[in-house]
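User: Hi! I'd like to go through this structure with you, starting with how the chain is laid out. Could you take my questions one at a time?

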Amino acid sequence: MNVSPLLSFLQGFRLPREQLPFSENEIEAAWRAGWLGEQPGLTRTPRSWRCMRCGNDDPLRFASFPCARCGSDCAYCRKCLSMGRISACTRLVHVSLPLPFERHEAPLAWQGELSPAQAEAAMAVQQAVLDSRELIVWAVCGAGKTEILFPAIAAALEKGWRVCLATPRTDVVRELAPRFRQAFPRVPLAVWHGGSDERGRIASLVLSTTHQLLRTYRVFDVMIVDEVDAFPYSAEPMLEYAVSQARKEQASLIYLTATPSRAWQRDIARGKRQAAVIPARYHGRPLPVPAFEWCGNWRKRLERGCLPQNVLVWVLHRLEQRKQAFLFVPYIDELEAVTRILQRVDSRIVGVHAEAPDRAEHVQAFRNGLVPLLVTTTILERGVTVPNIDVAVLGADDRIFTESALVQIAGRVGRSVAFPDGDVRFFHHGKTKEMVRARRHILRMNEEAKKRGLLRL
């Protein structure tokens, strides 16, 4: 019996047995031959259950139903139900044979030059990958983290290792894909996100949202997690579990972040975690430091259909200068209100948020210079790069704007070597600790970069 289509379909993934589009005879034959492994969908814990697909062990996220398959009231996981039901009698199936591999000779076509700080970090990443170790790359926004990875990825591909770069947000995956295709033109690349046709295709190099890793199992020799501090990864243990299941047990694990948590910063300072720190951008200019500007009770003004005068002046000045800008606001209803007001000033201004169906089109129009100002929520705090922009936050005192979010927002400005400066403005009704910490974080990195001689002042 030919079982190769089954192995080809399942390779690199772990799926419920009932989701396999093959006959029971084919599955049984492969299992008897030792080509397949099985695990229970749920395992017992002292408190309740644990879902082996998503890692959920919260008793409140399990329920039961009368199961026709096992003939009893069967527990199931509600947390990952949208991917198909995992119940106590579910069997998760994976291929137990080693995955085929392909060595790629001289896979890197990128001809760019790394700055001294980048080169030092790139060497540390490459060594961590070759040694199958864990490493944090703590690099400021605009330091060129992607390019730092290229030598390590090339070294892994030459060995025939499979590499995954995972990130919490679809926008970041879309932005990275063309850069990786250009850097590694002869290497099979698969891009996994919610709207991708390449989901489910295993390749030597995979760019994926962390959500898409939930179905993979022990497939990657090198796992790189970008924006590890970003929502939803930072707030969702299920995604950390997905990463742990997708990588091989001896795989290297590289974390990329511009804003590590305070706990990680303490661990790095005490030597408990290894890190490569890059406090300066590749072009050697200081990070733009946010200016705080009081704007009064902006929400009350918004209810009356207008913006604080100094916020409006800031916007008008950008339009007069013909300089593109981001205006960040806390929530969607406020975004819609601000956008309506500003469209009376310039009809080309648009707003984007996570639920906007035309988000990708608006962002691309902004990149193309067709949109002068983009009103947005924190969905675009990272991952979108435009060469010459200013940034403002309306309501920077709102609790949604954490130190991490504000540092990332400020990091949109001055990333280009041709335009290394710009204005970062935090409009507020009262300064918060997070605002102060964000500015202190940026000043501290500038000071560290100056001490290490990385700035061209």
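User: Happy to begin with a salt-bridge residue: is Glu434 buried, partly exposed or exposed?

Analyst: Good place to start, and please keep in mind that this is a predicted model. Glu434 has a relative accessible area of 21%. Buried would require under 20% and exposed over 50%, so Glu434 is partly exposed.

User: Which residue does the Glu434 side chain meet in a salt bridge, and in which helix does that partner lie?

Analyst: The partner is Arg262, at 3.4 Å from N to O. Arg262 counts as partly exposed, at 40% relative accessibility. Glu434 belongs to helix H13 (residues 433-451), so the pair ties together parts that are 172 residues apart in sequence, and the helix that holds Arg262 is H7 (residues 262-269).

User: With which other glutamate does Arg262 meet in a salt bridge?

Analyst: A second pairing of Arg262 has an N to O distance of 3.4 Å. The glutamate there is Glu403.

User: Thanks! Into which domains is the chain divided, and how many salt bridges are counted between domain 2 and domain 3?

Analyst: The chain is split into domain 1 (5-95), domain 2 (116-278) and domain 3 (291-452). Between domain 2 and domain 3, 19 residues of the former are in contact with 24 residues of the latter. The salt-bridge count between these two domains is three.

User: How much area is buried between domain 2 and domain 3, and which three residues supply 30% of what domain 2 buries?

Analyst: The C-alpha centres of the two domains lie 27 Å apart. About 1,800 Å² is buried between them, with carbon and sulfur atoms giving 45% of that area. On the domain 2 side, the 30% share, more than any other three residues supply, comes from Arg169, Asp171 and Glu175.

User: Let's turn to the sheet. What is the order of its seven strands, and which strands are at the edges?

Analyst: This is an open sheet with parallel pairing, and its order is S10-S11-S9-S12-S13-S8-S14. From one strand to the next, the twist averages 15°. Each edge strand pairs on one side only, and these strands are S10 (189-192) and S14 (275-278).

User: How many bridges join S10 to S11, and what is the bridge partner of Leu189?

Analyst: S10 and strand S11 (residues 205-209) run parallel and are joined by four bridges. In S11, the partner of Leu189 is Leu205.

User: Which strands do H6 and H7 touch as they pack on the sheet?

Analyst: H6 touches S12 and strand S13 (247-257), and its direction makes about 135° with that of S13. For H7, the direction makes about 110° with that of strand S8 (134-139), and the strands H7 touches are S8, S13 and S14.

User: Back to charges: how many salt bridges are found in the whole structure, and how far apart in sequence are the parts tied together by Lys79 and Glu236?

Analyst: A search of the whole structure finds 29 salt bridges. In one of them, the closest N and O atoms of Lys79 and Glu236 are 2.8 Å apart. Lys79 lies in the loop between strand S6 (73-77) and strand S7 (91-95), and Glu236 in the loop between strand S12 (220-225) and helix H6 (237-246), so the separation in sequence is 157 residues.

User: One more: in the salt bridge of Asp267 with Arg273, is Asp267 buried or exposed?

Analyst: The closest N and O atoms of this pair are 3.4 Å apart. Arg273 is partly exposed at 25% relative accessibility. Asp267 has a relative accessible area of 19%, and the cut-off is under 20%, so Asp267 is buried.

Definitions and conventions: Residues numbered from 1 in each chain as written. Predicted model: local features only at pLDDT ≥ 70, side-chain atom pairs only at ≥ 80, totals over all residues. Heavy atoms only, no water. Salt bridge = Lys/Arg side-chain N within 4 Å of Asp/Glu carboxyl O. Helix = DSSP H or I, 4+ residues; strand = E, 2+ residues; numbered from the N terminus. Buried < 20%, exposed > 50% of the residue type's maximum accessible area, 1.4 Å probe, protein only. Pairing = 2+ DSSP bridges. Axes fitted to C-alpha atoms, helices over the stretch in contact; angles between N-to-C directions. Contact = heavy atoms within 4.5 Å. Domains from an automatic or database assignment. Buried area = accessible area lost by both parts, 1.4 Å probe.
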